[in-house]
Amino acid sequence: MRGVAAVNKIRSMARAFLANPQLLFVKPSINTFMCSYMNKFRARTVGRNLIVHSHLPPLNSKAYSRFVDRHLIARTSGPSHAQIGVTNLCPQNCDYCYNKNRSGRVIDSETIIRIAKELKESGVVWLGLTGGEPLLNKDLAKIVESVSEDCAVKLFTTGCTLTPRLAIDLKSAGLFSVSVSLDHWNEATHDAGRKYKGAFKEAMRAIDTFRNLGGIDVGVSAVLTREMIRTDQTEKFLDFLDTLSVHEAWLSEVKPTTKEFWDDRLVITEEDRLKLVRLQDRYNSGQRMTVNYLGHFEGKENFGCNAGNKMVYIDAFGEVSPCVFAPMSFGSVYETNIRQILGEMRRRFHSDLKCFVNKNYRIFEKHSNGERVFGKESSLKIMDEVDFGELSAFFRLYYAGGRNREAAWEQPSARRITEPA
Ligand code: SF4
């Protein structure tokens, strides 16, 4: 079995290389890093796509080619990943929802499409569509289609209101991956956490609809509580998810985004994170679904936290945040050009070893003063108190050893950074 797995891995790497011959021009240390990172996962073919996991574009896609050109070779300073809240409407009401306190004038689909294209021009190769419940945006397929040619588009949904017709339209529009939310194997527990009776059944129905359609990478996104991690419930949950025949379990943990979660007893520690990383690695060494833990991708041993730098979030009201979980705005797409906002954020947000939100929520608390999502003025004050730490393993290579990291934010292209001797 191991021999077969090894051959498959070599085949996948060869396919990725044939689709992206320019990999030859990537710095050898970065290429080596990417190969060893990907080696932890079993690449799979879904439709025409060769997928490592759904937080990266398919390896044989135009989006991945752009990732190689713009980020691995040119090392441009623009974001590679973005999320857009395409609506704030949602029939469910999760305790931990990161959008709970956001409000304003909802952005229309035309603006969403314009912003998605501008993000792509700024370097975005992976776009997550979220909400609210994104399926409630009647132009969802049109939004997907507007950028999917060379940008990997992923949908995060509760599954509520999905119809087979809409699933077909999303597939035709070029959606490469969907994650349906599921927080527990127990129906009553899942429904209670979302204050919506029937949430579990709707999620199951949506998973079935996408699975039966074929050609789309289908996953479950699960938000784990610290208690679940510490009481070893995650493993039982994963075994349950594996019975659903999904391609991937996308795991993250409850973040201290809202006031109710600014509590040391709820935020995970480094030991909790490592526990999930070990579980992910153990799971992925078998022949089952892929487990993709965000805290592994964003861990110090890999890409670290890139909120406001390589990652950006535009909420359903057009406010630009460093990440879905950061309750901050650095401007509105109604008032300021998105490139200008991205540039301003990038000057303040440096790549870091640790999750920006987990690390700094006490500063949020200090400045909260009744404000639940910080406007630009408060966000700037918060940033005056934030310290950034070391670079993650990948970004030490990316920024040429870290010596010139500060300069990197001021440069239009990291190409100009002095390479280590
Ligand atoms: S703040 Fe946390 S969740 Fe957001 S990009 Fe950074 S690591 Fe990820």
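## A pair across two strands

Serine 221 stands opposite tryptophan 250, a residue of strand E8. The model is predicted. This pair is a good place to start, and the strands around it come next.

## Strand E7 and its neighbours

Strand E7 covers residues 217–224. How many of its residues are buried? Eight of its eight are, and the strand is mostly covered.

The side chains of E7 point two ways. Asp217, Gly219, Ser221 and Val223 point one way. Val218, Val220, Ala222 and Leu224 point the other way. Both sets are buried.

E7 pairs with strand E8, residues 248–253, in the parallel sense. Six bridges link E7 and E8. Strand E6, residues 177–181, also runs parallel to E7. Five bridges join E6 and E7. One of the partners can be named: serine 179 is bridged to glycine 219 in E7.

## The nonpolar cores

The largest nonpolar core holds 98 residues. Which residues have the most contacts inside it? They are Leu127, Val153, Ala249 and Cys323. Helix H8, residues 199–213, gives the most to this core: six residues. Another core lies apart from it, with eight residues. Among them are Phe303, Phe394, Phe395 and Leu397.

Leucine 127 shows what such contacts look like. Leaving aside residues up to four places away in sequence, leucine 127 touches Ala82, Ile84, Ala116 and Leu119, and also Val147, Cys151 and Val153. Val153 is itself among the residues with the most contacts in the largest core.

## Around the ligand

Which residues surround the ligand? They are Glu298, Cys305, Asn306, Ala307, Met311, Cys323, Phe325, Ala326, Cys355, Phe356 and Val357. By class, this shell has nine nonpolar residues, one polar and one charged.

Cys323 appears twice in this account. Cys323 is one of the residues around the ligand, and Cys323 is also among those with the most contacts in the largest nonpolar core.

## The chain as a whole

The chain has 17 helices and eleven strands. Along its principal axes, the C-alpha trace spans about 60 × 55 × 45 Å. A compact globule of 421 residues would have a radius of gyration near 22 Å; the chain has 20 Å, so the two agree.

Of the 421 residues, 46% are buried. Contacts also reach along the sequence. Among contacts in the chain with a separation of 6 or more, 74% join residues 24 or more positions apart.

Conventions:
Residues numbered from 1 in each chain as written. Predicted model: local features only at pLDDT ≥ 70, side-chain atom pairs only at ≥ 80, totals over all residues. Core = buried A, V, L, I, M, F, W, Y, C linked by C-beta atoms within 7 Å. Buried ≥ 20, exposed ≤ 12 C-beta atoms within 10 Å, placed from the backbone. Helix = DSSP H or I, 4+ residues; strand = E, 2+ residues; numbered from the N terminus. Contact = placed C-beta atoms within 7 Å. Near = placed C-beta within 6 Å. Nonpolar A, V, L, I, M, F, W, Y, C, P; charged D, E, K, R; others polar. Rg over C-alpha atoms; globule rule 2.2 N^0.38 Å. Pairing = 2+ DSSP bridges.
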